[in-house]
Amino acid sequence: MGSCRTWAPPELLVLSVWLWVSSAGPTHPPGPALRVRLAGYPRKHNEGRVELFYNDEWGTICDDDFTLANAHVLCRHLGFVAATGWAHSAKYGKGVGRIWLDNVNCAGGEKSIGDCKHRGWGNSDCSHEEDAGVICKDERIPGFKDSNVIETEQSHVEEVRLRAVVVGARQQLPVTEGIVEVRYKDGWAQICDEGWSSHNSRVVCGMLGFPAEKKVNRNFYKLFAERQQLSYRLHSVSCAGTEGHLSMCAFEFYRGNASAACGAGSPAVVSCVPGPQFAAGSSHKKKQRQQQQQQGQPRIRLKGGAKVGEGRVEVLKGSEWGTICDDRWNLLSASVVCRELGFGSAKEALTGARMGQGTGPIHMNEVQCLGTEKSLWSCPFKNITQEDCKHTEDVAVRCNVPYMGYETLIRLSGGRSRFEGRVEVAVGAGAGEQPRWGLVCSEGWGTLEAMVACRQLGLGFANHGLQIRLSGGRTPFEGRVEVKRGSKWGMVCSEGWTTKEAMVACRQLGLGYSLHAVTETWYWDASNVTEMVLSGVKCAGHEMSLSHCQHHGSSINCRNTGTRFAAGVICSETASDLLLHAPLVQETAYIEDRPLHMLYCAAEESCLSSSARLANWPYGHRRLLRFSSQIHNNGRADFRPKAGRHSWVWHECHRHYHSMDIFTHYDILTPNGTKVAEGHKASFCLEDTECEEDVAKRYECANFGEQGITVGCWDLYRHDIDCQWIDITDVKPGNYILQVVINPNFEVAESDFTNNAMKCNCKYDGHRIWVHSCHIGDALSEEANKRFEQYPGQLNNQIS
């Protein structure tokens with residue numbers, strides 16, 4: 001079944017906030033006085049998200065392998081007689097900071113959760129979307145006395161929002177200005193502004209995804225407050241401005257009659273400055289673009305993240321991008337990164353290459369920011385050598401981003417899980433209007449469009465972009481089921497095909513229920529056609545919403561209207577990330593004049609230039625630029641060919657299967673980008689040639705084995721195998737660019753496509769070739785790339 005998403009009015013901005021914690025790693029086992037508390041909202045006094053106080057910091061427990069026995073130990077620690085259940089997937093809201101325990105395995109009789117088996121304190125591969133909770137039996141252990149007794153009344157801030165009161169501001173997102181309110185019981189309460197400072201505003205704006213605060217006209221809000229019945233919850237708030245969350249600031253709660261509180265003051269009001277990606281007005285965007293042009297290329301970026309505002313941190317030093325080592329990495333430094341990039345404060349400071357490994361140099365280590373710096377480069381840090389750190393220690397961040405409501409405008413239906421199904425979008429949702437849901441035309445729908453859809457849904461990366469249709473039927477409601485992956489349509493095997501599978505297909509097609517599931521002819525009848533509301537979708541892959549991609553607007557232009565053609569996706573929380581080892585190409589490049597009689601198989605697989613067809617076979621030769629390719633998977637999921645073994649193509653001449661028709665493109669370009677020679681290589685065999693230490697090989701082509709590249713492994717195509725070349729027989733002497741692109745048609749989803757291309761400078765004199773300055777496409781600064789494309793000292797493309 002698809003996940004059902006509700007329509008929420010845009011004028012209220014809500015964000016869960018939690019206690020701030022550092023990310024410094026633990027160095028000693030916990031003592032017997034381990035403190036436990038329940039947090040989150042909504043909840044009763046005997047349930048909630050589990051938080052542990054360890055090493056002077058509060059953190060959470062991951063729900064991996066969590067059991068009722070674990071919940072029993074925790075509930076008894078808290079003074080309850082037993083547990084009645086437990087909750088997964090952050091049912092009580094997501095925590096922040098460290099995830100202290102993972103893969104906890106209690107027998108049930110332990111006195112403390114720390115006595116149970118687990119991966120080690122601070123050793124986790126989870127996110128806070130997997131925070132565990134418990135439900136305890138509402139019966140106390142007789143005579144139990146402990147500081148962990150749960151108060152019925154909440155003693156810390158759980159949720160904060162900005163309530164917009166200006167008429168125009170209610171209709172647009174993000175909400176950047178309004179009255180600050182905190183969740184209290186089943187409603188919302190205000191904060192008294194006595195002593196309120198810009199530091200307080202900075203903390204609130206950071207939590208809500210904004211990099212900075214600005215002054216606000218408090219007189220307007222004071223007049224508004226005089227006509228309202230307000231209920232104050234907090235007062236005397238005092239922040240330093242570097243806190244990750246309001247709950248880390250000093251403040252006091254009102255007790256008793258809160259409506260009569262804050263006599264001389266008004267509700268706290270905050271106005272925030274949105275980052276460039278979230279600026280609403282065109283004038284605001286223009287001003288920020290001008291500032292960016294004056295400042296030049298940013299010196300920091302995020303790579304490999306599934307969602308906006310998260311990723312591996314990379315910094316620009318000199319003309320080369322590099323990563324940061326995770327020694328002493330914490331939320332203060334991470335928040336500086338987030339604000340510098342136009343987001344709010346950091347909600348997680350990640351270590352251990354949690355967003356995949358980078359490449360190239362490691363520029364910084366032991367970064368120690370105070371939290372007030374404008375740039376990460378202003379923070380103290382150490383320069384390191386390659387021996388100090390490895391890319392397995394690359395840092396990453398998850399930043400607070402403004403609530404934009406994009407996820408309320410898209411949903412999936414008809415899938416087997418919430419991560420897959422037919423894409424449905426909401427259109428025509430004006431002021432006070434309910435949205436109209438409909439389908440997306442699948443013409444041109446591919447991996448890049450699916451990536452945007454999955455991002456908008458908050459479901460990570462796209463595993464596949466699917467198109468589904470019926471063909472061969474007598475009516476639009478019957479036919480053979482066909483699914484499109486990449487550029488090819490294929491049929492569904494009928495083995496095991498039953499009414500249940502047919503029901504899923506009908507729901508995905510939007511054709512109602514299945515009346516028959518026929519394995520012989522594959523026909524059935526159904527009803528209830530759903531409208532096509534979006535067509536011509538073409539995305540670059542980085543957009544936050546399908547509405548940001550090119551499309552036909554309200555004028556639907558789809559050759560196959562209705563539901564016979566519908567776009568679908570399969571999303572995944574992780575993805576692979578392929579990149580070429582550039583130095584090896586430079587070291588192994590050479591020219592070979594290969595006799596035509598040795599190239600019949602290569603010609604069959606179109607590995608020679610078109611002029612080879614006119615050659616006097618088998619006499620003569622072709623001039624080939626040969627080199628080795630070593631392709632690494634630095635992502636967080638194995639790279640698997642889009643097609644299963646049943647659809648691999650056998651090539652008799654070379655005696656191997658192709659799992660991907662085109663795995664790489666090889667091109668020789670002039671410095672202005674004109675292509676003068678090209679080659680391509682099918683995936684002769686995707687396998688783990690070698691792996692990093694402690695990584696086991698999974699894929700081997702022998703005996704029709706599974707193909708793929710494991711995370712931490714690489715596939716080596718040696719220079720001396722067929723088609724590992726570019727046919728340069730027709731290329732004149734000159735200066736050129738050698739370009740290699742992996743996965744050029746985006747047939748398989750990756751976390752980052754910008755590093756799939758590699759470029760080298762080439763100098764060819766008609767007899768020999770010099771290949772140098774090889775680098776991954778996004779490894780250099782913009783200025784360095786311009787210098788690379790303008791070949792030094794070159795006036796024309798000929799060797800003098």
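This passage describes the strands, disulfides and aromatic contacts of a predicted model.

The chain has 800 residues, of which 54% are buried. Its secondary structure comes to 10 helices and 42 strands. Among contacts with a separation of 6 or more, 70% involve residues 24 or more positions apart. The chain exposes about 35700 Å², and carbon and sulfur atoms supply 49% of this area.

A good place to begin is with the strands. Strands of a sheet pair through backbone hydrogen bonds, either parallel or antiparallel. One open sheet in the model is built from four strands in the order β29-β32-β38-β37, with antiparallel pairing. The edges are taken by β29 (578-580) and β37 (690-691); each has a single partner strand, so one side of each is left without a neighbour in the sheet. For β37, the partner is β38 (residues 713-717), and two bridges join these antiparallel strands. Within this pairing, Glu690 has Trp714 of β38 as its bridge partner.

The pairing of β37 with β38 is accompanied by a covalent link. A disulfide joins Cys691 to Cys713, with an S to S distance of 2.0 Å. Cys691 belongs to strand β37 and Cys713 to strand β38, 22 residues apart along the chain. The link is right-handed, with 100° about the S-S bond. Both ends are buried: the relative accessible area is 16% for Cys691 and 0% for Cys713.

Further along the chain, strands β40 (residues 734-742) and β41 (residues 757-764) pair in the antiparallel sense over eight bridges. One of the bridge partnerships here is that of Gly734 with Tyr764 in β41. Strand β41 also pairs with β42 (residues 769-776), again antiparallel, over six bridges, and Lys759 has His775 of β42 as its bridge partner. The two strands β41 and β42 form a hairpin with four residues between them, and Gly766 in the turn has a positive phi of about 95°.

Turning to the cysteines, the structure holds 15 disulfides. One of them is formed by Cys325 and Cys389, whose sulfur atoms are 1.8 Å apart. This pair links distant parts of the chain, 64 residues apart: Cys325 sits in the loop between β17 (320-324) and α5 (331-340), and Cys389 in the loop between β19 (362-364) and β20 (396-399). The torsion about the S-S bond of Cys325 and Cys389 is about -75°, so the disulfide is left-handed. Cys325 is buried at a relative accessible area of 1%, and Cys389 is buried at 0%.

Helix α5 and strand β20, which flank those loops, are themselves connected. Cys338 and Cys399 form a disulfide with their sulfur atoms 2.0 Å apart. Cys338 lies in helix α5 and Cys399 in strand β20, 61 residues apart. With a torsion of about -80° about the S-S bond of Cys338 and Cys399, this disulfide is left-handed. Cys338 is buried, with a relative accessible area of 0%, and Cys399 also counts as buried, at 3% relative accessibility.

Cys762 makes a useful contrast. The closest cysteine sulfur to that of Cys762 is in Cys760, 6.2 Å away, which is too far for a bond. Cys762 is nonetheless buried, with a relative accessible area of 1%.

Aromatic side chains add another set of contacts, with a count of 14 aromatic pairs. Phe627 and Tyr666 form an edge-to-face pair, 5.2 Å centre to centre and with 75° between the planes. Phe627 is in the loop between β31 (621-626) and β32 (629-633), while Tyr666 is in strand β35 (residues 664-669), 39 residues apart. Both residues, Phe627 and Tyr666, are buried. In the pair of Phe663 and Tyr717, the ring centres are 6.3 Å apart and the planes stand at 45°, so the pair is tilted. Phe663 lies in the loop between β34 (656-658) and β35, and Tyr717 in strand β38, 54 residues apart. Phe663 and Tyr717 are both buried. Elsewhere, ring pairs link Tyr54, Trp100 and Trp121 into a cluster.

Rings in the model also meet charged side chains. Arg140 lies over the face of Phe80, 4.6 Å from the ring centre. Likewise, the charged end of Arg411 sits over the ring of Trp437, at 4.0 Å from its centre.

Notes: Residues are numbered from 1 along each chain as its sequence is written. This is a predicted model: local features need pLDDT of at least 70, side-chain atom pairs count only at pLDDT 80 or more; totals for chains, interfaces and linings use all residues. Side-chain values use heavy atoms; hydrogens and water are left out. Two strands pair if DSSP finds at least two bridges between them. A disulfide is a pair of cysteine sulfur atoms within 2.5 Å. Buried means under 20% relative accessible area, exposed over 50%, partly exposed in between (1.4 Å probe, protein chains only). Contact means heavy atoms within 4.5 Å. Accessible areas come from the Shrake-Rupley method with a 1.4 Å probe; for residues, only the protein chains shown count as cover. Rings of Phe, Tyr and Trp (its six-membered ring) pair if their centres lie within 6.5 Å; planes under 30 degrees apart count as stacked, over 60 as edge-to-face and the rest as tilted. A charge sits over a ring if NZ of Lys or CZ of Arg is within 6 Å of the ring centre and within 35 degrees of the ring normal.
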